[in-house]
Amino acid sequence: MSCCSSPGLMPVEEALQRMLAHAQPITEIEWVPVEQALGRVLAESQVSPVDVPPLDNSAMDGYAVSFDDLQADQAVRLPISLRIPAGVGPSSLQPGTAARIFTGAPVPLNADVIVMQEDTESDGESVLLPRQEKRHQHIRVAGQDIACGQQVLSAHIRLRAQELGVLASIGIAKVPVFRKLRVAVLSTGDELVEPGTEPAPGQIFNSNRYTLAGLINELGLDMVDIGIVQDTAQSTEIALRDAASRADVVISSGGVSVGEEDYVKDTVEKLGQLHLWKLAIKPGKPLAFGEVGGKPFIGLPGNPTSVFVTFHIAARAFLLKMQGMDDLSYPRYRIPAGFTRSRPVPREEYLRVRLSQSEDGAMILKCYDNQSSGVLFSAAWATGYAVLSMNGVVSEGDLIDYIPFTEL
Ligand code: AMP
Ligand code: MG
C-alpha cells in the first residue's frame, strides 16, 4: 500500500497488476474469412507467400523505354512497338523502340525507365521522349511493398482495416483468430427498469447494461446478457451461477458497496473468492475482483460514470489479455489544462475532459463542470480522460496526462 493513498484503497497500478496475473488467455482458435475478421485477435503470425507487387510495374500512364535509348541532352523520337495494359503477362521490348504502358502494367524486359505521358508527344506510331532523367524512374519494383517470406503480421494483435487489406494483398482469404471472449453482464438493482418500459415512482432506467454492451462490443468481445438482478442474496446467487456457467468472465454493476442492499461481494465470497476490493480511483472506488464458479469476476460499481471509468481502466486490459492480445497499453498525451483543480484527492482521478482549441489555436483540455460519478453525461460530452495522480493538483496551463477515449 502506498504511503499517500487512503487506508484500505489499493493503488490503481497495483490492482491492475494483480488482476492481470489472474487473466488466462483463451486458446481456442477459429478460422474466419478476412472480410469478417475486423477487430478479431490474430492467433498465428502471417508470412507472405508472394511478392507484392508480383512483377516490376509502371507507376504511371506513359512509355516504357530503355534508358540507353534516350539522349542526355535532347529529346528523341522512338517508334512504338508494343502496347501493355494492366493485367497482361510479362513481355519484352525491342531495342530502339518504346512501349505504350499503363499504370500497374508489367514493365517489359529490356525497359528500365517509364516516361510519363504528360512529358511526351505521340502521333500513335511514334513518340517524342524528353532527355534522360533517372534510370528506373516510375517503376514499382517487385516486392517493394511486401517481399515473399516476410512476416507481415504478428500473432496476438487486433486486426484493423489496414491489416485486412494487407492479408488480402498477399492472397490470404481466411485467418486463424481466437474465438470471441464471452463476457456475462449483470445489472444489479431493485430500482432498475429497461428503457422502453414505464418506470414506477422511484425506479430509474438501466443505463449500465447499455454502456457495458457498447464497451464490450467495441473491444470485439461477445456479451452474454444476464439482465437485471434484484437486490437479494438468492437472486444474486442464481444470477452469478448462471453467468459463470455461460461465460468466460463475469462482470456486474452495482451492489459492491458497503450498504445492506449490496449482495454481490458476499455472494462472490460464497461461490468463489474475492481477490481485491476498493481501489484508490475516482470515480469507481468500490471495484471488486475475484472469481465465481471458476470464472474471473469483475464487480464494477453501480454509478454510471464509475462503470465507464473502471471498465476502461481496470476491466479493459484484463479482458483483452484473456482475448489473447499482447499489447494492452494505450498512449497518454501531455496537454495543457484549461482548468484548475486546487483540492487534492487521495485517489487517482479520471476527469472527463474535452480536447478543445483555445482562442490562440492551441490545444487545451476543458473539464466538464459536474464530475460526480452519477453524471454519465460528462462522458458523452467528453473526448477522453485527464488523469490526475493521487493528491495531484492542477493549475490552468499545466501539462497533464490526456487519454483519448478512441485509444481505449
Ligand atoms: P449501488 O452501488 O448498487 O449502490 O449503485 C450506486 C448508484 O448507481 C445508485 O444510485 C444506483 O441507482 C445507480 N445504478 C446502479 N446500477 C445502475 C444501472 N444499471 N443503471 C443506472 N444506474 C445504476
Ligand atoms: Mg444497488
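The following questions and answers look at Ser 389 and at the surroundings of ligand 1 in a predicted model.

In this predicted model, local features need pLDDT of at least 70, side-chain atom pairs count only at pLDDT 80 or more, and totals for chains, interfaces and linings use all residues. Residues are numbered from 1 along each chain as its sequence is written, chains are lettered from A and ligands numbered from 1 in the order in which they are written, and side-chain values use heavy atoms, with hydrogens and water left out.

User: Is Ser 389 buried or exposed?

Analyst: Buried means under 20% relative accessible area, exposed over 50%, and partly exposed in between, with a 1.4 Å probe and protein chains only. Ser 389 has 51% relative accessibility, and therefore it counts as exposed.

User: With which residues is Ser 389 in contact, leaving aside its neighbours within four places in sequence?

Analyst: Contact means heavy atoms within 4.5 Å. Once those sequence neighbours are set aside, the partners of Ser 389 are Arg 347 and Glu 348.

User: How far is an oxygen atom of ligand 1 from an N or O atom in the side chain of Glu 191?

Analyst: Glu 191 is among the closest of the 15 residues that surround ligand 1, where a residue is near a molecule if one of its heavy atoms lies within 4 Å of it. Between the ligand 1 oxygen and the N or O atom in the Glu 191 side chain, the distance is 2.5 Å.

User: Which distance separates a backbone N or O atom of Gly 255 from an oxygen atom of ligand 1?

Analyst: Gly 255 is also listed among the closest residues to ligand 1. Its backbone N or O atom lies from the ligand 1 oxygen at a distance of 2.9 Å.

Notes: A polar contact is a pair of N or O atoms within 3.5 Å; within protein, one must be able to donate a hydrogen and the other to accept it, and residues adjacent in sequence count only if both atoms are side-chain atoms.
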